[in-house]
Protein chains: 2
Amino acid sequence: MLPDVAEVKTRRGEYTEATRRALLDAAARLFTERGFAKTSLDDVAADARVTKGAIYHHFSSKTGLFEVLFDELELTENTAARTAFEAESDPVLGALAALDQFLLACCEPVYGAIVFREAPVALGWDGWRRCEEKYSYALLDDLIAGMVDGGMIAASMRTEATVSVAFGMLGAAGQLLARTPPEDRERVRGECRVPFVALLTGMSTSTHS
Amino acid sequence: MLPDVAEVKTRRGEYTEATRRALLDAAARLFTERGFAKTSLDDVAADARVTKGAIYHHFSSKTGLFEVLFDELELTENTAARTAFEAESDPVLGALAALDQFLLACCEPVYGAIVFREAPVALGWDGWRRCEEKYSYALLDDLIAGMVDGGMIAASMRTEATVSVAFGMLGAAGQLLARTPPEDRERVRGECRVPFVALLTGMSTSTHS
DNA sequence: GTCAGGAACATACCCGAAGTATGTGACCGA
DNA sequence: TCGGTCACATACTTCGGGTATGTTCCTGAC
């Protein structure tokens with residue numbers, strides 16, 4: 001690593017952590033701008049002012065690098081959404097609060113691009129789903145369970161299919177927002193809420209199949 | 001091309017069409033089994049008993065080959081779904097008929113795998129969406145328009161966001177079905193219908209945002 | 001104090017796969 | 001029959017992910 005901005009000489013660990021951070025930041029930028037497939041590891045390394053050796057020292061592979069980045073983003077966002085959910089006493093209001101938190105996060109360009117646009121490409125659909133099982137799938141499952149236990153929706157809704165389809169909705173909304181020019185995001189975000197509200201309404205009234 | 005099974009010597013055009021067909025069939029098989037990324041063009045060529053030169057003679061690139069395959073599958077399926085939709089006089093029943101046709105097609109392993117599992121990987125998310133605009137997006141748009149015009153749902157539903165989110169639902173259901181072992185498909189297909197019915201129900205009753 | 005050892009990278013190389021350039025035989029119209 | 005073009009095959013280039021190895025610096029043990 002070129003010591004061009006190395007004013008502070010502290011402990012070694014801080015240096016290596018800085019390198020790791022620089023790599024993750026560079027990857028986030030380039031993957032968001034050019035896409036995962038069209039970004040080479042040399043590009044990422046150059047952007048972080050290191051070489052490819054540093055990448056393979058800190059991460060297992062290109063996919064591994066992406067996965068760490070993915071986990072970072074999804075952990076913070078998912079925690080925020082879960083917090084919003086649990087802050088409400090009513091599960092339906094909690095679900096809406098979590099939804100709003102999610103849609104808001106998708107307006108931030110990096111999150112939507114990495115988690116919903118690039119992740120299927122980088123990890124494959126199976127890998128993507130595997131990674132999401134800790135986050136969105138788990139949250140959706142809890143969310144639906146809460147509404148079922150509260151008697152708001154029918155128990156027949158608590159299936160893997162419902163969770164998958166709901167996740168598909170979130171993904172589509174996220175990608176749409178990530179692609180929408182900033183000046184239109186507020187409007188589109190409101191429009192995205194509509195089908196979710198309709199789904200919740202339909203779930204609570206329809207007890208038949 | 002090795003003339004090992006060249007019993008019938010007919011016109012040249014039929015030979016070349018047979019080669020093209022063989023390439024598309026081989027691609028469909030291998031992309032479905034191994035995935036797009038893990039299938040090389042040499043593999044496809046070998047499976048069709050030709051070489052890579054034949055591929056680049058008939059198609060523009062690996063992506064181009066996939067796109068032709070995608071268009072073929074999506075054209076037939078989309079036509080069937082549209083036919084099912086237009087056969088019903090009531091738009092809501094028509095939408096359900098189209099949905100059932102779609103879910104049924106997803107149980108056929110090639111369609112679901114190519115159109116929903118591999119397409120985002122092969123074409124990137126933007127390219128996928130671009131290709132789908134002719135098919136699923138257009139059909140969903142007409143479908144929603146029909147329900148709005150018939151007064152079944154609020155006009156506020158007719159937005160790009162609703163179409164996108166509905167497409168995300170279909171995609172998720174399709175991928176789930178494509179991944180589900182054959183013996184469970186019937187059950188899962190029924191479970192997949194539930195959130196769609198709930199969405200339609202919710203749309204028709206909720207006139208507020 | 002020094003010396004072994006490992007952490008944190010850099011450098012050089014390998015290899016698979018997409019894409020390209022060129023060769024070749026067969027057919028077809030003139 | 002002869003030039004041209006179609007329908008491929010063959011040989012080559014390029015690019016990028018991954019690996020193997022070198023190098024420097026710090027750290028801790030004696």
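Here are some exercises with worked solutions on a predicted model of two chains, A and B.

**Exercise 1. Getting an overview of chain A**

Task: Find how many helices and strands chain A has, and describe the box that its C-alpha atoms fill.

Solution:
- Start with the elements. Chain A has eight helices and zero strands, so from the N terminus on the order reads α-α-α-α-α-α-α-α.
- Next, look at the extent. Along the principal axes, the C-alpha atoms of chain A fill a box of roughly 65 × 35 × 30 Å.
- Then turn to burial. Of the 209 residues in chain A, 44% are buried.
- Finish with the contacts. Among contacts in chain A with a separation of 6 or more, 63% join residues 24 or more positions apart.

**Exercise 2. Checking two helices against their expected spans**

Task: Compare the span of helix 5 and of helix 6 in chain A with what 1.5 Å a residue would give.

Solution:
- Take helix 5, residues 91–107, to begin with. Its 17 residues should span 24 Å, and the end C-alpha atoms are 25 Å apart, which agrees.
- Several residues of helix 5 are buried, including P91(A), G94(A), A98(A), F102(A) and C106(A).
- Now try helix 6, residues 109–149. A straight helix of 41 residues would span 60 Å, but the end C-alpha atoms of helix 6 span only 36 Å.
- Look along helix 6 for a bend. There is a kink of about 110°, centred on G124(A).
- Follow the chain past the end of helix 6. There you meet G151(A), with a positive phi near 80°.

**Exercise 3. A residue with a positive phi**

Task: Locate R49 in each chain, and decide whether it is buried, partly exposed or exposed.

Solution:
- Begin with a rule of thumb. Most residues other than glycine have a negative phi.
- Check the angle in chain A. R49(A) is not a glycine, yet its phi is positive, near 60°.
- Place the residue. R49(A) sits in the loop between helix 2 (41–47) and helix 3 (52–58) of chain A.
- Count the neighbours. R49(A) has 15 other C-beta atoms within 10 Å, so R49(A) is partly exposed. A buried residue would need 20 or more, and an exposed one would have 12 or fewer.
- Repeat for chain B. R49(B) also has a positive phi, of about 60°, and lies in the loop between helix 2 (41–47) and helix 3 (52–58) of chain B. With 15 other C-beta atoms within 10 Å, R49(B) is partly exposed.

**Exercise 4. How the two chains are related**

Task: Work out what kind of axis relates chain B to chain A, and describe the side of chain B that touches chain A.

Solution:
- Superpose the chains. A turn of 180° with a shift of 0.0 Å along the axis lays chain B on chain A, with an RMSD of 0.1 Å. That is the relation of a two-fold axis.
- Find the residue of chain B closest to the rotation axis. This is G202(B), whose C-alpha lies at 1.8 Å.
- Count the partners. 37 residues of chain B are in contact with 37 residues of chain A.
- See where they come from. Helix 6 (109–149), helix 7 (160–179) and helix 8 (185–205) of chain B each supply at least two residues of the side that touches chain A.
- Sort that side of chain B by class. It has 21 nonpolar, 14 polar and two charged residues.
- Compare the surfaces. 100% of the interface residues of chain B are also interface residues in chain A, so the copies meet through the same surface.

**Exercise 5. Two residues that touch the other chain**

Task: For L199(A) and T162(A), find the helix, the burial and the contacts.

Solution:
- Start with L199(A), in helix 8 (residues 185–205) of chain A. It counts as buried, with 25 C-beta neighbours inside 10 Å.
- List its contacts, leaving out residues up to four places away in sequence. L199(A) touches P195(B), A198(B), L199(B) and G202(B).
- Move to T162(A), in helix 7 (residues 160–179) of chain A. With 22 C-beta neighbours inside 10 Å, T162(A) counts as buried.
- Leave out the same sequence neighbours again. T162(A) touches I144(A) and M157(A), as well as V194(B) and P195(B).

**Exercise 6. Inside the nonpolar core**

Task: Which residues have the most contacts inside the largest nonpolar core?

Solution:
- Note the count. The largest nonpolar core has 130 residues.
- Name those with the most contacts inside it. They are I114, M169 and A173, in both chain A and chain B.
- Pick I114(B) as an example. Apart from neighbours within four places in sequence, its contacts include A28(B), F31(B), L69(B), F70(B) and A119(B).

Terms used:
Residues numbered from 1 in each chain as written. Chains lettered and ligands numbered in written order. Predicted model: local features only at pLDDT ≥ 70, side-chain atom pairs only at ≥ 80, totals over all residues. Core = buried A, V, L, I, M, F, W, Y, C linked by C-beta atoms within 7 Å. Contact = placed C-beta atoms within 7 Å. Helix = DSSP H or I, 4+ residues; strand = E, 2+ residues; numbered from the N terminus. Expected span 1.5 Å × (residues − 1). Least-squares fit on C-alpha atoms with pLDDT ≥ 70 in both. Nonpolar A, V, L, I, M, F, W, Y, C, P; charged D, E, K, R; others polar. Bend = angle between axes of the 7 residues up to and from the residue.
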